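Reader: I would like to learn how to read a few features of a model, one at a time. Could you take me through the case shown here?

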Amino acid sequence: MYQPTQDHFTAPGARGFGDVDTWVFDLDNTLYPSDARVWPQVDERITLYVMRLYGLDAISARALQKYFYHRYGTTLKALMVEEGVDPHDFLDFAHDIDHSTIKLDAPLGAAIEKLPGRKLILTNGSRRHAENVAAKLGILDHFEDVFDIAAADFVPKPERVTYERFLKAHGVEPTRSALFEDIARNLAVPHDLGMATVLVVPRIVDPYREAFEQEAVQEPHIDHITDDLAGFLTTCVQPVVGTA
């Protein structure tokens, strides 16, 4: 059983990394810690967008935003369905944030660089957002490409078709790949497709995110859990796959 005092956890019978040649990472709250204050800014921008669109006060807009999130998976999907919102306009607005809070993460960069094979980012955000954040972290150059929400035809994770589109677009064999994600439900389909799955949880409770988004859920579709991505890659992955 995973304990909050543990850095890493591997489930009995978990899929390992010996045959993995493609490493797939979610972006938000996976590749950066909560103290980078990226997601709180994006979340506030989304609330502001909803306020302006509907002429609501902040509290009402926040409530509507969360309703949309739970019903549709993302606020963007809800606004596209309900209001015909231009997704590019929404994404540009939501991701217009201050990147100065993001610190260079040399240990993470070194750990990703040593992974043998391909490295890709799979995000419900935009390519521009992913590239901006990854550049500030100092890890962008280690990635082959970004598969963003536009590439998914604006269908967000955890929809099965999104993963299928990603795998087809990049020629990824799921049984030879691993996915690192911060939300447990986003790992169910990838595991079903054959990917090794790693749930990345925060070290301390993040007050800007909902409880279910940061739970160290132990379910059959989650092979590994960590609250230290760089440490996990260094101590749990690299000794298995080597440094080729």
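Reader: Leaving out residues up to four places away in sequence, which residues does Gln65 touch?

Author: Please keep in mind throughout that this is a predicted model. With residues up to four places away in sequence not counted, Gln65 touches Asp43, Ile46, Thr47, Val50 and Thr75. Gln65 itself has its place in helix H2.

Reader: Is Gln65 buried or exposed, and on what grounds?

Author: The reading rests on a cut-off, since buried means under 20% relative accessible area. Gln65 counts as buried because its relative accessibility is 2%.

Reader: How would the same approach read for Lys77, and which residues is Lys77 in contact with beyond its neighbours within four places in sequence?

Author: Lys77, which is found in helix H3, is in contact with Tyr72, Pro156 and Glu159 once those neighbours are left aside. Because its relative accessibility is 23%, Lys77 counts as partly exposed. The C-alpha atoms of Lys77 and Val155 are separated by 7.2 Å, although these two residues are 78 residues apart along the chain.

Reader: Turning to aromatic rings, how many aromatic pairs are there?

Author: Ring centres that lie within 6.5 Å make a pair, and by this rule the count comes to eleven aromatic pairs. One of them is formed by Phe25 and Phe180, which are stacked, with 4.6 Å from centre to centre and 10° between the planes. This pair links distant parts of the chain, for Phe25 belongs to strand E2 (residues 22–25) and Phe180 to strand E5 (residues 177–181), 155 residues apart. Phe25 and Phe180 are both buried.

Reader: How does the geometry of Phe68 and Tyr72 read, and where do they lie?

Author: Phe68 and Tyr72 form an edge-to-face pair, at 6.3 Å centre to centre and with 70° between the planes. They are separated by about one helical turn because they are four residues apart in helix H2 (residues 58–72). Phe68 counts as buried at 3% relative accessibility, and Tyr72 is buried with a relative accessible area of 13%.

Reader: Which residues form an aromatic cluster?

Author: Phe17, Trp23, Phe25, Phe143, Phe180 and Phe232 form one aromatic cluster, so the members of the stacked pair described above, Phe25 and Phe180, can be read within that setting.

Reader: Which charged residues lie over a ring?

Author: Among the cases to look at, the charged end of Arg45 sits over the ring of Phe93, at 3.9 Å from its centre. Lys66, in turn, lies over the face of Tyr69, at 5.6 Å from the ring centre.

Reader: How should I approach empty space, and what lines the largest cavity?

Author: The general idea is that rolling a probe the size of a water molecule over the atoms shows where empty space is left. Here the structure holds one cavity of 30 Å³ or more, and about 540 Å³ of space lies in the largest cavity. The lining consists of 33 residues, of which Trp39, Tyr69, Gly73, Thr74 and Asn124 are the closest to its centre. Helix H1 (39–54), H2, helix H3 (75–83) and helix H4 (87–94) are the elements that give two or more residues to this lining, and H1 supplies the largest share, four residues. By residue class, the lining of the largest cavity divides into twelve nonpolar, ten polar and eleven charged.

Reader: What is the volume of the largest pocket, and which residues lie nearest its centre?

Author: The largest pocket has a volume of about 410 Å³. It is lined by 19 residues, with Tyr32, Pro33, Arg203, Asp227 and Asp228 nearest its centre. The lining of the largest pocket comprises ten nonpolar, three polar and six charged residues.

Reader: Finally, what should I look for in the backbone angles?

Author: Most residues other than glycine have a negative phi, and most peptide bonds are trans. Against that background, the peptide bond from Lys157 to Pro158 is cis, with omega near 15°, and Pro158 has its place in the loop between strand E4 (145–147) and helix H7 (160–170). Asp153, located in the loop between E4 and H7, has a positive phi of about 60° although it is not a glycine. Asn29 also has a positive phi, near 65°, and is found in the loop between E2 and H1. With a relative accessible area of 12%, Asn29 is buried.

Key. Residues numbered from 1 in each chain as written. Predicted model: local features only at pLDDT ≥ 70, side-chain atom pairs only at ≥ 80, totals over all residues. Heavy atoms only, no water. Phe/Tyr/Trp six-rings, centres within 6.5 Å; stacked < 30°, edge-to-face > 60°. Buried < 20%, exposed > 50% of the residue type's maximum accessible area, 1.4 Å probe, protein only. Lys NZ or Arg CZ within 6 Å of the ring centre and 35° of its normal. 1 Å grid on protein atoms, 1.4 Å probe; cavity = no way out; pocket = protein on both sides within 12 Å on 5 of 7 lines; lining within 4 Å. Points joined across faces, edges and corners; volume = space filled by probe spheres on them. Nonpolar A, V, L, I, M, F, W, Y, C, P; charged D, E, K, R; others polar. Contact = heavy atoms within 4.5 Å.
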